[in-house]
Amino acid sequence: MKKIFKGDIIYTKNSNSFEVHKDSYLVVEDGVVKDILHYIESIPSDYEYLDYTNKLIIPGFVDIHLHSSQFLNMGLGMDKELIPWLNTYTFPEEAKFRDLEYAKTAYTKFVSDLINKGTTSSVIYSTIHKESTMFLMDLLDKAKLRAYVGKVNMDRNTIDELCENTNYSIEETEEIILSSKSNRVKPIITPRFVPSCSPELMEGLSKLAIKYNVPVQSHLSENTNEVKWVKELHPDIENYASVYNKFGLFGQTKTVMAHCIYTSDEEIELMKKNGVFAAHCAISNFNLSSGIMPVRKYLDYGVDVGLGSDISGGNTLSIPQSIVSTIQASKIKWLESNKELYPLSFSEVFYMATKGGGKFFEHVGSFERGYNADLLIIDDSNLSDINKFDVLDRLQKYIYSGNENNIIGVYVDADKVS
């Protein structure tokens, strides 16, 4: 499969600047970027030519933390903090996914919206239910999206309908790992968070992660009451991150931790040492009164940071809206820190939304040679005069002022998704 996409190409190699190629050609072979050319005398006959002249061509968005089972709950319970919100809204909704027909309806709507919002790669929580989790993985695969999907594991401190037998939870997780055959949609070990997972469950999940080299996702220091709760449950362990580390779930295989608002310097150092990713979920952190993650500090330490919509704590799957909220949150954090933690730039946060989060998938989120050709075609003609604004200004206007209606093409591995 050989394709050439023509348009105004823009992406980030690093977080400090944009690569801009106006009126250029993105050359793709077998779903992988081969080159960007500024001039082609004639299109080779063995290439499919896709002419998007005057349209923006950008990498597909990457969402490294979201709860697919909460899609139908978006916008509910935003007057509560994390733990009351989980008990009142989230856990009862997730219990409904024991009904496969309910799961099919909810997940079909979720995947459709994921595509509409331009998210081509995502790291996803399902629920404790094996059958509905496997249905979601199959649905994403058929949609040609890229994803890690985790069956949630919980054996304590939740409602009765979601409290699993420890051994059964481990066994079902292993069954999902062994049944997974897709190259694009893969399993991920998913202890919900320390309060809902016994030491025995965490140890069992760690053994699976290491045995099958499967990545891990969980939550870390999202809420002050949560941090206090973890200390009460594990008084003998230094801090929240060290609980995960003790049980082999903190970088022993590829790992992403969501929120990371109240982590200590020692915990951030441990994340850097172990190569643990941080998922920044600005919108959710606002909605649930959780706080503002000090992203600049993580970047200064050299920790990889990506963005998460964190639905339904977050009220939208839109990564552009997450980009805007992340930049705004960093400005408030700058003031809170006596202007020590400098605000995040547009290029830094766009990088997090593409290549930064894409590192969790390896060669995703850029148009450098050898990267997967995951891309969005943006028609921004209703937002700006393309003859007046340069390509970078047009991109910024789309991120701040556009919406999913501006996305006219979604491609994963150069295959058209929408």
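A salt bridge here is a side-chain nitrogen of Lys or Arg within 4 Å of a carboxyl oxygen of Asp or Glu. Keep that rule handy and select Arg-184 and Asp-413: the two form a salt bridge, with 3.0 Å between the closest N and O atoms.

Before going further, some ground rules. This is a predicted model, where local features need pLDDT of at least 70 and side-chain atom pairs count only at pLDDT 80 or more, while totals for chains, interfaces and linings use all residues. Residues are numbered from 1 along each chain as its sequence is written, and side-chain values use heavy atoms, with hydrogens and water left out.

**Stop 1: the two domains**

Color 2–59 plus 367–416 as domain 1 and 61–361 as domain 2; these bounds come from an automatic or database domain assignment. Their C-alpha centres are 30 Å apart. Now show the contacts (heavy atoms within 4.5 Å): 29 residues on the domain 1 side meet 23 on the domain 2 side. About 2,200 Å² is buried between the domains, 63% of it on carbon and sulfur atoms. Buried area means the accessible area (1.4 Å probe) that two parts lose on being put together, summed over both. Which three residues should you pick out on domain 1? Go for Ser-15, Ile-399 and Tyr-400, which supply 26% of the area that domain 1 buries against domain 2, more than any other three residues.

How many salt bridges does the rule find across this interface? It finds six.

**Stop 2: a salt bridge between distant parts of the chain**

The full salt-bridge count is 26. For another one, select Asp-46 and Lys-2, whose side chains pair at 3.0 Å, N to O. The partners are 44 residues apart: Lys-2 is in strand E1 (residues 2–14), and Asp-46 is in the loop between strands E3 (32–37) and E4 (48–59). Element names follow DSSP runs, numbered from the N terminus: helices are H or I with at least four residues, strands are E with at least two.

While you're at E4, click on Asn-54, which is found in that strand. Its phi is near 70°, a positive value in a residue other than glycine. Most residues other than glycine have a negative phi, and most peptide bonds are trans.

**Stop 3: a cis peptide**

Jump to Ile-311 and Ser-312, joined by a cis peptide bond with omega about 5°. Ser-312 is in the loop between strand E14 (305–307) and helix H11.

**Stop 4: the cavities**

Rolling a probe the size of a water molecule over the atoms shows where empty space is left. On a 1 Å grid over the protein atoms alone, a cavity is a set of points where a 1.4 Å probe fits but cannot get out, and lining residues have an atom within 4 Å of a point. Points are joined across faces, edges and corners, and a volume is the space filled by probe spheres set on them. Three cavities of 30 Å³ or more turn up.

The largest has a volume of about 100 Å³. Select its lining: His-65, His-67, Leu-82, Trp-85, Leu-86, Arg-192, Phe-193, His-219, Glu-222, His-259, Leu-288 and Asp-310. That makes five nonpolar, four polar and three charged residues; Ala, Val, Leu, Ile, Met, Phe, Trp, Tyr, Cys and Pro count as nonpolar, Asp, Glu, Lys and Arg as charged, and the others, Gly among them, as polar. Strand E5 (61–67) and helix H1 (82–95) each give at least two lining residues, with H1 supplying the largest share, three.

The second largest cavity is about 50 Å³. Its lining includes Met-293, Arg-296, Ser-330, Lys-333 and Trp-334, and splits into seven nonpolar, one polar and two charged residues. H11 (319–336) and H10 (295–301) each contribute at least two residues; H11 has the largest share, three.

**Last stop: Ser-180**

Finish by drawing a distance from the C-alpha of Ser-330 to that of Ser-180: 39 Å, for residues 150 apart along the chain. Ser-180 is found in the loop between helix H4 (166–179) and strand E9 (185–187). Leaving out residues up to four places away in sequence, Ser-180 touches Met-137, Val-185, Lys-186 and Pro-187.

Technical notes. On a 1 Å grid over the protein atoms alone, a cavity is a set of points where a 1.4 Å probe fits but cannot get out, and a pocket is an open set with protein on both sides within 12 Å along at least five of seven lines; lining residues have an atom within 4 Å of a point.
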